[in-house]
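Reader: I would like to learn how to read helix packing, cavities and unusual backbone geometry from a model. Could you take me through them one at a time?

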Amino acid sequence: MLMAFRTVVRMRGTMCREKKGSNSENSSMSHCGYSEDAVESELPGGCGLLHTSRKYLKLKNFEEEIRAHRDLDGFLDQASIILNETATSLDDVLRAMLLRLVHRPSNLEHKYKLHCNLEHLMAVLFTDAETPTEGRVHLLADTIQGVTATVTGVQYQQSWLCIICTSKSLIKREVCISRLLRPQNWGENCCEVRFVILVLAPPKTKSTKTATEVGRTFATMFLDINFRQKLLKTRTEEEFKEALVYQRQLLTMTDQGLNPSIKYSISSICIQKSHQLLQHKNFFPVAKGIREDFARRFPVYSLDFTDGIIGKNKAVGKYITTTLFLYFACLLPTIAFGSLNDENTDGAIDVQKTIAGQSIGGFLYALFSGQPLVVLLTTAPLALYTHVIRGICDDYNLDFNTFYACTGLWNSFFLAFYAFFNFSLIMSLFKRSTEEIIALFISMTFVLDAVKGMVKIFQKYYFGSRIINTEHISVLSLLGLGTSLNTSFHTALNTSVLASPPELDSVSNHTHEHTSRETAMLSLFIMLGTLWLSYTLYQFKKSPYLHPYMREILSDCALPISVLTFSLICCYGFREIKMSKFRYNSSESLFKIAEMQSLSLGAIGSAMGLGFLLSMLFFIEQNLVAALANAPENRLVKGTAYHWDLLLIAIINMGLSLFGMPWIHAAYPHSPLHVRALAVVEERVENGHIYETIVNVWETRLTTLGASILVGFSLLLLPNPLQWIPKPVLYGLFLYIALTSIDANQLFERMALLLKDQASYPPTHYIRRVPQRKIHYFTGLQVLQLLLLCAFGMSPVPYMKMIFPLIMMAMIPIRYKLLPRIIEAKYLDAMDAEH
């Protein structure tokens with residue numbers, strides 16, 4: 001890509017028409033174009049400063065960008081073509097083109113505006129618009145030209161010139177093409193002009209309909225010298241239009257290799273490979289995927305410990321802040337689910353065991369995994385399975401620890417089977433749109449369960465105990481759909497953590513009546529305050545305050561700062577208002593192996609069925625979260641290890657099962673947020689829209705190792721001071737995690753388009769390649785799939801939640817069989833593409 005910047009000082013004067021250009025047009029075709037704009041700044045004494053900037057423009061991709069065809073179709077419907085223009089000066093040619101637009105049959109209001117603003121449009125085409133007479137420099141303000149990079153420099157294509165202009169006096173876009181009777185010399189780099197393309201557009205328009213975008217369409221067509229020679233031979237406007245249509249067909253077929261006469265390629269093409277169905281041979285030989293993963297990751301294993309520590313580019317500060325973020329992000333859900341499991345299993349699995357299992361499992365995974373950026377956690381669906389297992393044991397008089405261990409061993413057996421036979425290849429069938437549906441579903445459950453928990457607090461403390469007794473069942477039935485299947489904290493808190501602590505029961509009725517409403521209002525304040533502070537600090541890196549390094553530290557530490565701040569405010573600022581605490585019972589023994597010999601064959605068979613369903617959940621969650629962490633936009637360079645990591649998960653959970661500790665697998669959104677925390681991010685501006693781009697990510701094991709060790713040391717902090725963290729702080733944490741996890745969710749972005757003005761649409765790849773109506777259709781179909789997930793994943797019936805993995809697998813045939821019957825496959829592939 002070539003770029004140039006030039007600032008010159010010129011005396012006032014008119015446009016130079018006699019100065020010769022550097023070279024005549026080169027017959028070879030350019031692979032890029034330039035857009036030039038100039039803005040004049042006044043100086044006293046008749047002199048002025050002329051700011052000239054040049055930027056690279058991608059060629060229009062006629063195969064994928066739908067606006068390329070629509071721009072040309074709009075021009076052909078009401079073509080403004082001037083053949084054999086006899087005027088010799090640039091001003092006269094442009095005036096004739098504007099008059100042609102005025103006299104063309106069109107909307108009367110639009111014609112009237114063009115006629116009244118003719119002189120204004122002529123002025124804004126040049127740099128001397130609205131400047132004093134003594135300081136004017138009469139040069140074109142905004143142009144697009146074709147260039148060819150050679151060894152000796154840059155050669156301009158001087159036989160054509162595309163002039164673009166944006167004006168508030170316009171209602172719609174206008175295009176006029178003028179073919180001059182003889183080549184004209186209009187100054188430097190415009191010595192042999194035969195074609196002039198004039199593009200006018202209003203300022204407020206969709207990002208793909210701006211004057212630059214329309215000019216890019218026609219400039220891409222005029223790059224071809226054979227096309228320009230053909231236009232010179234046309235005698236009528238109809239022949240001229242036919243040449244344009246034929247050139248469009250050639251450009252459309254270029255990427256398919258059907259047109260050997262065109263010697264240049266379009267750089268903006270994103271090749272979409274046709275999907276190849278998996279075959280039986282892909283799953284053999286046995287353990288092929290594990291060997292490949294090991295061969296790919298083992299050579300860089302030592303770098304996972306030294307990158308950012310040894311060498312010129314150090315990232316010790318980022319490692320420390322990320323470790324603190326992971327510590328709080330892992331510890332709080334661990335406590336919540338430990339409290340839930342304590343209640344569901346009558347103390348068989350408690351907070352201590354949950355913390356110990358999290359620390360041991362996270363440490364082993366960080367040490368031996370192929371992708372250490374993935375974060376392991378116990379989740380709501382795992383707590384649900386544990387609750388179901390406890391119910392089965394109570395119904396059939398089975399020992400819980402033994403049956404739990406047997407189910408976990410079967411789960412590990414199936415996971416090892418999937419790993420050895422390369423079943424992770426099936427996850428390649430999950431498209432980006434399917435992954436984002438599941439990710440948005442998880443984010444939704446964070447919000448819903450935070451709201452549900454706060455409503456239950458208000459019902460208990462604000463409206464009084466009598467209303468709770470009469471309306472408890474009805475309210476919970478309404479909020480039952482908010483129960484999460486795959487989140488990190490929320491289900492635990494909504495069931496066990498909200499239980500009234502013994503301290504509050506001992507308070508007198510008068511005091512209870514006095515403090516209930518204060519407790520409810522303080523809880524709402526604490527939740528919203530935690531959300532506000534954490535998200536404000538998270539966005540602080542974009543503010544102009546403090547040093548950039550300090551802004552980055554505050555942004556990385558947003559989570560621990562907000563949790564500690566509002567925990568201290570609640571405990572010390574409002575000490576007289578009692579807040580409920582987590583349920584906590586000390587374990588008798590952390591490491592006691594289950595006695596497997598006491599199970600009957602029937603119990604072992606039942607455990608196998610539960611283990612199979614559990615293994616499907618593990619398989620999908622582990623691979624899906626790993627795929628989100630390994631997404632191309634994250635720019636990870638050390639490779640993936642899906643098969644090896646799945647086997648490692650099987651080994652870790654086998655040990656956790658034997659010792660009666662909660663199972664763990666890859667967690668969303670913690671894993672993508674971990675990657676984001678270790679990323680070096682840059683901002684870029686495109687058509688007025690700001691985008692964040694990941695430049696590189698520090699791929700290290702130190703952060704997850706450090707967080708796991710800190711979680712283990714947290715056993716020493718039980719019951720206090722960990723019980724000082726109030727529940728509303730965790731609800732605010734839910735909202736924060738949900739809000740930050742949807743930042744790069746394309747489904748959420750497309751849902752937001754329904755509420756935006758078209759002029760505010762970002763110039764994303766799918767906006768350029770897919771018709772707007774198809775985008776909204778696709779978004780609607782994704783919303784329907786999301787509702788299907790909610791119907792099963794948020795169902796109040798536990799056994800419906802257990803078949804939730806089957807619903808996620810059913811989304812594969814929906815994407816490949818059903819959706820192509822509604823929307824063309826090329827549009828589906830474009831929206832599933834990364835860029």
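Author: Let us begin with the naming, since helices (H or I, at least four residues) and strands (E, at least two) are DSSP runs that are numbered from the N terminus. Please keep in mind throughout that this is a predicted model.

Reader: With that naming in hand, where does asparagine 189 lie, and what is its phi?

Author: Asparagine 189 sits in the loop between strand E8 (174-184) and strand E9 (193-201), and this residue, although not a glycine, has a positive phi of about 65 degrees.

Reader: Which peptide bonds are cis, for instance around proline 719 and proline 721?

Author: Leucine 718 and proline 719 are joined by a cis peptide bond with omega of about 0 degrees, and the bond from asparagine 720 to proline 721 is cis as well, with omega near 15 degrees. Proline 719 belongs to the loop between H24 and helix H25 (727-741), and proline 721 is found in the loop between H24 and H25 too.

Reader: Turning to helix packing, how should I read the angle between H10 and H11?

Author: Angles over 145 degrees count as roughly antiparallel and those from 65 to 115 as roughly perpendicular, with oblique kept for what falls outside the named ranges. Here the axes of helix H10 (residues 316-344) and helix H11 (residues 351-368) cross at roughly 140 degrees and come within 7 Å, and the two helices are therefore oblique to each other. Their crossing is right-handed.

Reader: Which residues make the contact between H10 and H11?

Author: From H10 come Cys330, Leu331, Thr334, Ile335, Gly338, Ser339 and Asn341, and they meet Val351, Thr354, Ile355 and Gln358 in H11. The residues of this contact divide into five nonpolar, six polar and no charged.

Reader: What does the packing of H14 with H30 look like?

Author: Helix H14 (residues 432-462) and helix H30 (residues 804-818) pack at about 145 degrees with axes 10 Å apart, again in a right-handed crossing. Ser433, Thr434, Ile437, Ile438 and Phe441 of H14 make the contact with Phe804, Met808, Met811 and Arg815 of H30, a set that divides into six nonpolar, two polar and one charged.

Reader: How many cavities are there, and what lines the largest?

Author: Rolling a probe the size of a water molecule over the atoms reveals where empty space remains. In the whole structure the search finds eight cavities of 30 Å³ or more, and the largest has a volume of about 120 Å³. It is lined by 13 residues, of which Gly362, Val375, Leu376, Thr704 and Ser708 are the closest to its centre. H10, H11 and helix H24 (702-713) each supply at least two lining residues, and the lining divides into nine nonpolar, four polar and no charged.

Methods. Residues are numbered from 1 along each chain as its sequence is written. This is a predicted model: local features need pLDDT of at least 70, side-chain atom pairs count only at pLDDT 80 or more; totals for chains, interfaces and linings use all residues. Side-chain values use heavy atoms; hydrogens and water are left out. Axes are lines fitted to C-alpha atoms, for helices over the stretch in contact, and angles run from 0 to 180 degrees between N-to-C directions. Angles under 35 degrees count as roughly parallel, over 145 as roughly antiparallel, 65 to 115 as roughly perpendicular and the rest as oblique. A crossing is left-handed if the near helix is turned anticlockwise from the far one by less than a right angle, and right-handed if clockwise. Contact means heavy atoms within 4.5 Å. Ala, Val, Leu, Ile, Met, Phe, Trp, Tyr, Cys and Pro count as nonpolar, Asp, Glu, Lys and Arg as charged, and the others, Gly among them, as polar. On a 1 Å grid over the protein atoms alone, a cavity is a set of points where a 1.4 Å probe fits but cannot get out, and a pocket is an open set with protein on both sides within 12 Å along at least five of seven lines; lining residues have an atom within 4 Å of a point. Grid points are joined across faces, edges and corners, and a volume is the space filled by probe spheres set on the points.
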